[in-house]
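Me: I've just opened this one and don't know my way around yet. Can you walk me through some spots?

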Amino acid sequence: MKYIINMRKGALGERLLQRLRFDLFSSLLSSTPEQRQRLKPSEAASIIKDEVEPIGGFVGDAFVQPVFLGGQALTALAFILMQNVLLGLVAVAMISSQVLVIPRLRREQIRLGNQRQIVSRSLAGKIGEVVETLDEVSNHGTAALERGLVAQRLETLFGIRYRLYGRKFAVKALNNLMAQMTPFMFYTIGGYAVLIGSLGIGQLVAVIAAYRDLPTPIKELIDWDQQRLDVESKFVQVTEQFALAVPSAEVGASSAEPAGASFPEAGVIAAQGLTAISATGDRMLDRVALTLPLGQHIVLSGAGEGAGCLARILGGRLTPSDGSLKIGDIPIDMISEEARGRSIAYAGPEPAILDGTLRDNILYGLRGPGSEPGRDADRMHGDAGGVSEARLAEVLRVVGLSDAVFRYGLASRPDPNEVAALIARLTEIRTHIRQVLAARGAQAAVEPYDPTQYIHTATIGENILFGVASDAAIGGARLAEHELARRVLDMLTLTDDLALIGQRIAATMLEIFSDLAPDHLLLDNFSFIAAEEFPVYRERLARAEAGQIDDADRTSFIGLSFLYIEPLHRLGLLDEAMELRILRARQAFRARMSQDAARIIDFYDSNEWGAATVRENLLFGRVTQPGSGVRERVDEAVRDAIVEFGLDHEIYRIGLAQPAGYAGRLLFPAVKTQIALARCLIKRPSLLILDNALSSLSPTEGKAVLRRLRDDMKGRTLITVAREYDADVAMDVSVVFDGAKLRPVPGQPAVVGGLPVEDESSERDDVRALRAVPIFANLDLARIKLLAFTSERTVFAAEDRLFEQGAESDAAYVVIAGTADVLIGPPDKPVRVSRIEAPAIIGEMGVVTGEVRSATIRATSELTALRLRKEVFVALMEEFPDMALSVMRLMVKRLQDNVAIVSTREHEGPRRG
């Protein structure tokens, strides 16, 4: 019976724990964009995995323990009452005092336990944050700071736990004292009763014997109640953290609800009074009313957050504060997650990359319920047809990822079973590639694997092996520890010569890298020796110079020499004679290699597929100069040859198996952007939103990708957000935002929801004027407001001078309205070098350089300007390098224009005379 009860109890607890974790995860998936911004991945994982564990463990005991323990306690108590009512009442009184006092004293334990849980969660969040930003910690040298912050949290956690222990043991001591008081009362009262003859000695012994079975269940019942309160507190904390306001059944029903009809292919996107307010209270959208046609390609541009804010609302990344937004006749908040995921694709400036292969990432949106990465990935929401390899290749071409994936494929080392199609025609492919290279005059770009020739693009160790080691024990520098390799070197008297080469390499590494920081990028990429091994090699070199070199030192130096490539490292350590001796070592090593040892080396064979990269297998050699554009020309020849055989899809398939790493850490930013675009495009969305998604690409590549996206999205809706509309890529509709509002169209009244737009305050005008200046375009709204707040609004009449040439440079001016001339030269004969029109900034040159004014600014009409104080302007330049760079570019351009104008007038002067 006990076995059955325990099994049922365990099953109940585990099933409830499973359901609770699933409900928490479902709540996470259905959270609002604002809730997602407050979530920390490590804290959410800690809560779902660890913090709910005690809840499941308690549920099994929630019903069994009170019944079992209560029955034991009541049985013992009833027996005592039957023996003697007075002693029974004493027992009831003492037990009642325990039940009333102990739980009250344990309330502080519950509070400290909750506090401990919050601090532990904060510690997990901090550790997760540091792991996410390890590169920045190394970049700024803040390891000591992070250690201090974690140490503070650990110290706080220690203090809480120590107080918790003190409270726990104090309550336990009191409970034990009260439990021991009852037998004392029995002996005192019962003994007296026996003496006066009102109680038999046998009854007293029976009462004391019965009481032995009473404290244990009472104590365990009190502990059960304590655990109940603790679990209840944990449950409240967890549900508050995840805001589980909707029962799981309702969540599942709402997510399965189709939310009306399918995504409309025709109609408009209509916004009415749309408003969005940030967490700081700033308006990102202010009562915007607009209509965008579906099936068209639209660009949203302008200064401020307005364009991006509208894109994020459409993409489900932001919830509007007020107003309505409809797609066709469907309000956007009525579209279910499933319908949104099927019909709308959003790509933002920070692409999200999953920990999987490139293929897993691209096809993520097509995976149905129950599918796994790498399996059923091509199944599109139940569509048995899935997505074809041709469509996948086309998407790679559109987003500009084809070349990168092809290079990944060529650089991979797949299992031979995965490239059976290439192996079947390997000889033909190699011959054809050589013919293509010869036809293009690039046959010298590949150094073939010739057993009779030294491979100049391979290390000394690789030349001796003439193959790829499948066992790391003989790979790289470890080959120097291999017994057969050392015997061959000794036999050919190469040991001392290679050790000498290793000594020279070590001396060079210590000379050029010893002053660099241990985590410097150059050390990781170029040094033969790790930074922590520098002291060891200094000692080894000292012993070598003193003639006291031992076998361990000699092995280390030979290992360094095995990593050397003359054309790459260019230390002048190899000549033709040494190369010939290494070739003889290759032959001797191969001849003496036993059959068992030969299995750990995949020797280069012109008729076989080796353990080398796909590129080296197809070329049966190596590219001679990989860093001078030769590799790109060779890869192009390989691609053309593979295409002729109709096997290019094999290379793409291998390349798509390249791992992306956690959060895409193995990929370049541009590749991450292209993968995010491909993920959106592969599902053929009805609405594709690009919210500054091309910012990590070069301007030329970004325009090319946008053109191809336009072709692929023909007949469907494409919305792209950019700070400025580039007319090089023509779009069907252009919408320009001015901060949080739409820029009014000349000749049309600006209306919002049928009501006239209220006049904006002068402060809003100032903010808008500052945002219109290119050098302030990348500043956030808070910094723009700071500039506006600290500036002085001034008005100049026509012919007034804003400042004179030679005056002190104490401020810069942002022209809001009006025009002015820039004059240089003596006051009686000034030369007009340029004309200024709003919006523009003037006077920044003297503020930056600290020199006096280099020109006079004279208003030619009534002019309104904001006077920016020098200290605020300089402080912002120091804080924002992009702004400083924009200022420098503006200064250089003005100097060039001034020189050109003055030079032209000097040449025109003599001719006029």
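Me: Let's start with a hairpin. How many residues sit between β20 and β21?
Reply: There are 6 residues between β20 and β21 in that hairpin. Gly825 is in the turn, with a positive phi of about 105°. Keep in mind that this is a predicted model.

Me: How do strands β20 and β21 run, and how many bridges join them?
Reply: They run antiparallel, and 6 bridges join them. Strand β20 covers residues 819-824 and strand β21 covers residues 831-837.

Me: Which residue in β21 stands opposite Ile824?
Reply: Val831 does.

Me: Let me zoom out. How many helices and strands are in the protein chain?
Reply: The chain has 37 helices and 24 strands.

Me: What share of its 913 residues count as buried?
Reply: 43% of them. The accessible surface of the chain comes to about 47,800 Å². Carbon and sulfur atoms hold 56% of that surface.

Me: And contacts? What share of those with a separation of 6 or more is between residues 24 or more positions apart?
Reply: 75% of them.

Me: Show me a case. What is the C-alpha distance between Phe737 and Gly306?
Reply: 6.0 Å, with their positions 431 residues apart in sequence. Phe737 lies in strand β13, residues 733-738.

Me: Is Phe737 buried or exposed?
Reply: Phe737 counts as buried, because its relative accessibility is 0%.

Me: What is it in contact with, leaving aside neighbours within four places in sequence?
Reply: Phe737 has a long list of partners, including Leu285, Val288, Leu300, Gly306 and Leu310. Leu742 and Arg743 are also among them.

Me: Switching to strands again. How many residues of β24 are buried?
Reply: 6 of its 7 residues are buried, so to speak "mostly covered". Strand β24 spans residues 863-869.

Me: How does β17 pair with it?
Reply: Strand β17, residues 792-796, runs antiparallel to β24, with 5 bridges joining the two. Phe796 has Leu863 as its bridge partner in β24.

Me: What about β19 and β24?
Reply: That pairing is antiparallel too, over 6 bridges. Strand β19 covers residues 811-817. Ala817 has Thr864 as its bridge partner in β24.

Me: Stay on β19. Why does Ile816 count as partly exposed?
Reply: Because its relative accessible area is 22%, and under 20% would be needed for buried. Ile816 lies in β19.

Me: Which residues does Ile816 touch, apart from those up to four places away in sequence?
Reply: In β24, Ile816 touches Thr864, Ala865 and Leu866. Asp766, Ala769, Arg793 and Ala838 are touched as well. The C-alpha atoms of Ile816 and Arg793 are 9.5 Å apart, with 23 residues of separation along the chain.

Me: Now a helix. Which residues of α15 are buried?
Reply: Arg391, Leu392, Val395, Leu396 and Val398 are buried in α15, which spans residues 389-398. Seen down the axis, the buried residues fall within an arc of 160°, so they line one face of the helix.

Me: Why would residues three or four places apart point the same way?
Reply: Because an α-helix has 3.6 residues a turn.

Me: What covers the buried residues of α15?
Reply: The cover includes helices α14, α16, α30, α31 and α32. Just after α15, Gly400 takes a positive phi of about 80°.

Me: Take α16, then. Is Ser402 in that helix buried or exposed?
Reply: Ser402 lies in α16. Ser402 counts as buried, because its relative accessibility is 13%. Not counting residues up to four places away in sequence, Ser402 touches Ala393, Leu396, Arg397, Arg639 and Tyr652.

Me: I've also got Ser514 on screen. Where is it?
Reply: Ser514 is in the loop between α21 (495-513) and α22 (521-526). Ser514 counts as partly exposed, because its relative accessibility is 29%.

Me: What is Ser514 in contact with, beyond four places in sequence?
Reply: Met509, Phe534 and Arg538. The C-alpha atoms of Ser514 and Phe534 are separated by 7.5 Å, and the two are 20 residues apart along the chain.

Me: Last stop, the surface. Which residues make the nonpolar patch of about 360 Å²?
Reply: Tyr3, Ile4 and Met7 make that patch. Ile4 is in helix α1, residues 2-29. Ile4 counts as partly exposed, because its relative accessibility is 47%.

Note on methods
Residues are numbered from 1 along each chain as its sequence is written. This is a predicted model: local features need pLDDT of at least 70, side-chain atom pairs count only at pLDDT 80 or more; totals for chains, interfaces and linings use all residues. Side-chain values use heavy atoms; hydrogens and water are left out. Patches are made of residues with over 30% relative accessible area and no salt bridge: like charges are joined within 9 Å, nonpolar side chains (Val, Leu, Ile, Met, Phe, Trp, Tyr) within 5 Å. Accessible areas come from the Shrake-Rupley method with a 1.4 Å probe; for residues, only the protein chains shown count as cover. A salt bridge is a side-chain nitrogen of Lys or Arg within 4 Å of a carboxyl oxygen of Asp or Glu. Helices (H or I, at least four residues) and strands (E, at least two) are DSSP runs, numbered from the N terminus. Buried means under 20% relative accessible area, exposed over 50%, partly exposed in between (1.4 Å probe, protein chains only). The arc is that of the directions from the helix axis to the C-beta atoms. Contact means heavy atoms within 4.5 Å. Two strands pair if DSSP finds at least two bridges between them.
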